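Student: I would like a close look at a single part of this model. Please take the open sheet and follow what packs around it.

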Amino acid sequence: MDKAIGIHIEGLSKRYGAGDTAVDALKEVNMSVAPGEVVGLIGPSGSGKTTLLKCLGAVIEPTKGRMTLGGEVIYDNAWKIADLRVLRRDRIGFIFQAPYLIPFLDVTDNVALLPMLAGRPNGEARARALELLQALDVAHRAKAETAELSGGEQQRVSIARALANRPPVVLADEPTAPLDSERALAVMRILNQMASQYQTAIIVVTHDEKIIPTFKRIYHIRDGRTFEEAGEGLSLE
Ligand SMILES: Nc1ncnc2c1ncn2[C@@H]1O[C@H](COP(=O)(O)OP(=O)(O)OP(=O)(O)O)[C@@H](O)[C@H]1O
């Protein structure tokens, strides 16, 4: 297995239920995303996007197949990792449509919380948080209450949080859906910069027409099967 691969899945299938009512939500899906790469995952309602994201995020168990993360096999017809919560906390970043910041922690602690939970000393966790806040241009709000931030600032903090444990993969679920064109493209610029700076593989589930031209590579999903296509790779500079 190529150690440089960020996330790699082979023949991944997911069946919900059994017998007459069984639903094959994923049918032998293959996908590879390299460190530093941002790919789009696009498909109509019911095509299997959420199921795939949940399998990639170790939130639900696939039925069969193989999955590697940072070169390590994490699933091979069964989980190969004893503690899935630790896997999710330390090695997978999640970005959602809304920022979901913790309102009783300041901006720095929202980002430092994950490294602290992973056992990093407080000073180191805060220093890492500050470095990310700087990279995302929100360090001037480091001591602010989350409610004092604009929507765009909150979202950048949520991106910093997703990267705080330096995960090899970040899963972003419709991160630009509520944003206007300019802000949506700004988020894509940030995701591309972060992917490249931290060598993270980023998968963006979206149906947002505004950002689809920015992907260099797209996985389409239809009825549980994926196929790959070159994207336009619109420059975000
Ligand atoms: N817990 C479940 N039990 C049974 N079937 C399910 C379950 N979750 C999803 N499905 C079925 O699996 C298929 C894929 O669903 P999934 O939620 O992954 O699609 P999606 O592409 O995310 O759709 P949407 O864009 O509408 O959220 C659908 O046929 C759905 O009805």
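Tutor: Here is the sheet, then the core, then a helix and two loop residues.

The model is predicted. Start with the open sheet. Four strands make it up, in the order β2-β1-β4-β5, and their pairing is antiparallel. Two strands stand at the edges: β2, residues 23-33, and β5, residues 72-76. Each has a single partner strand, so one side of each is left without a neighbour in the sheet. From one strand to the next, the twist averages 20 degrees.

Now take one pair. β1 spans residues 7-16 and β4 spans residues 64-69; five bridges join them in the antiparallel sense. One point of reference is His8, whose bridge partner in β4 is Thr68. A helix packs on this sheet: α1, residues 49-56, touches β1 and β2. The direction of α1 makes about 60 degrees with that of β2.

Turn to the nonpolar core. The largest one has 56 residues. Leu41, Ala160, Ala172, Leu191, Ile202 and Ile203 have the most contacts inside it. Helix α6, residues 181-198, gives the largest share of this core, six residues. As a general point, nonpolar side chains in soluble globular proteins tend to be buried together.

Leu41 deserves a closer look. Set aside its neighbours within four places in sequence. Leu41 is then in contact with Lys49, Leu52, Ile203, Val204, Val205, Tyr219 and Ile221. Lys49 and Leu52 fall within the residue range of α1, 49-56.

Next comes helix α3, residues 107-117. Its buried residues are Val107, Thr108, Asn110, Val111, Ala112, Leu114 and Pro115. These pack against three helices: α2 (84-91), α4 (122-135) and α5 (151-163). Gly119 follows α3, with a positive phi near 100 degrees.

Two loop residues close the tour. Most residues other than glycine have a negative phi. Arg166 has a positive phi of about 50 degrees, although it is not a glycine. Arg166 sits in the loop between α5 and β7, the latter being residues 169-173. With 15 other C-beta atoms within 10 Å, Arg166 is partly exposed. Buried status would need 20 or more, and exposed status 12 or fewer.

Glu174 is the other one. Its phi is also positive, near 50 degrees, and it is not a glycine. Glu174 lies in the loop between β7 and α6. It has 16 other C-beta atoms within 10 Å, so Glu174 too is partly exposed.

Technical notes
Residues are numbered from 1 along each chain as its sequence is written. This is a predicted model: local features need pLDDT of at least 70, side-chain atom pairs count only at pLDDT 80 or more; totals for chains, interfaces and linings use all residues. Two strands pair if DSSP finds at least two bridges between them. Axes are lines fitted to C-alpha atoms, for helices over the stretch in contact, and angles run from 0 to 180 degrees between N-to-C directions. Two residues are in contact if their C-beta atoms, placed from the backbone, lie within 7 Å. A nonpolar core is a set of buried Ala, Val, Leu, Ile, Met, Phe, Trp, Tyr and Cys residues joined through C-beta atoms within 7 Å.
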